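Thanks for sharing this one. Here are my notes, in numbered points, to read alongside the model.

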Amino acid sequence: MNAAVVTVGDELLVGDTENTNATWLCDRLDARGVAVRRVTVVPDEVSEIARVVNEYHAEYDAVIVTGGLGPTHDDVTMEAVAAAFGRDLAANEEAAAWLAERGYSGGDLAAETTHLPADCRPLPNEAGVAPGAVVESVYVLPGVPGEMKAMFELVESEFAGTLTHVLTVDVEEPESELLDRFASLRERFDVRVGSYPGEVVTVKITAESEAEAERAAAWIREHADAVEERSA
């Protein structure tokens, strides 16, 4: 399963807010074997959100959009997702009933709170007010981290892929001197190889087979100045 994550908000683009939602979602998706192919930040603009959602919906198995839900002037994500699918925004009776069960009457909230893309699947907000929605394979979640996490957990089981095994080996050699051995790793084993320099070079080996990851890690330890082995 391939997925894309779209985070919405001018505050992310100017650096006022750290994009912790994307990091959290990527970690949870990776743990379920889902390959995240894109992480994109877009402004609070209907046309930009709609364009990216439309493109990623056509390209990937699932798209998760966070941010821009609610009644304020810059909460335009639902409108944009509806536009991406050529749908109208409409009052959603299921979302309104759920809010009523929590003690919110129509007069307590802005009317737009329960306006969702037509024919969507509404998602209750267990940690807040603004509901989310699923439109085909696009999941629209709140931007408030606690609300986003609670809502994602309602649909997490819908995301699944091929689980991978990761091993890291720290090497005390300059990264530039390891290039040939990285090439050999990829040729000899069915693995992906990442290289992250710091005080040492951390070689990250990812494979669908645990045994293959172990063989590749053993090979790099044998053919490089490895200082320790860690699992991740």
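1. A word on terms before the salt bridges come up: helices here are DSSP runs of at least four residues, numbered from the N terminus. Please also keep in mind that this is a predicted model.

2. With that in hand, take the pair E55 and R51, whose side chains meet in a salt bridge at 3.9 Å, N to O. Both sit in helix α3, and because they are four residues apart there, about one helical turn separates them. E55 is partly exposed at 38% relative accessibility, and R51 is partly exposed too, at 44%.

3. Helix α8 (residues 210-223) offers a second pair of this kind: R215 and E212 form a salt bridge, with their closest N and O atoms 2.5 Å apart. These two are three residues apart in α8, so about one helical turn lies between them. Is each partner buried or exposed? R215 counts as partly exposed at 45% relative accessibility, whereas E212 is buried at 12%. Elsewhere, salt bridges with shared partners join R28, E153 and E156 into one network.

4. The salt bridge between R87 and E136 (3.4 Å, N to O) links distant parts of the chain, 49 residues apart. R87 lies in the loop between α4 and β4 (89-91), and E136 in the loop between β7 and β8. R87 is partly exposed at 22% relative accessibility, while E136 is exposed at 51%. Across the whole structure, a search finds eight salt bridges.

5. Now to the interior. The largest nonpolar core has 27 residues, and V6, V53 and V138 have the most contacts inside it. Among the elements giving two or more residues to this core are β1 (2-8), β3 (62-66) and β8 (138-141). Helix α3 supplies the largest share, five residues. In general, nonpolar side chains tend to be buried together in soluble globular proteins.

6. V53 is a good residue to click on. Which residues does V53 touch beyond its neighbours within four places in sequence? They are V65, V81, A84, F85 and V138.

7. Helix α4 (residues 77-84) is mostly covered, with six of its eight residues buried. Those buried residues are T77, M78, A80, V81, A82 and A84. After α4 comes G86, which has a positive phi, near 65°.

8. Last, the overall layout: the domain assignment gives domain 1 (2-158) and domain 2 (165-222). Their C-alpha centres lie 37 Å apart.

Conventions: Residues numbered from 1 in each chain as written. Predicted model: local features only at pLDDT ≥ 70, side-chain atom pairs only at ≥ 80, totals over all residues. Heavy atoms only, no water. Domains from an automatic or database assignment. Buried < 20%, exposed > 50% of the residue type's maximum accessible area, 1.4 Å probe, protein only. Core = buried A, V, L, I, M, F, W, Y, C linked by side-chain atoms within 4.5 Å. Contact = heavy atoms within 4.5 Å. Salt bridge = Lys/Arg side-chain N within 4 Å of Asp/Glu carboxyl O.
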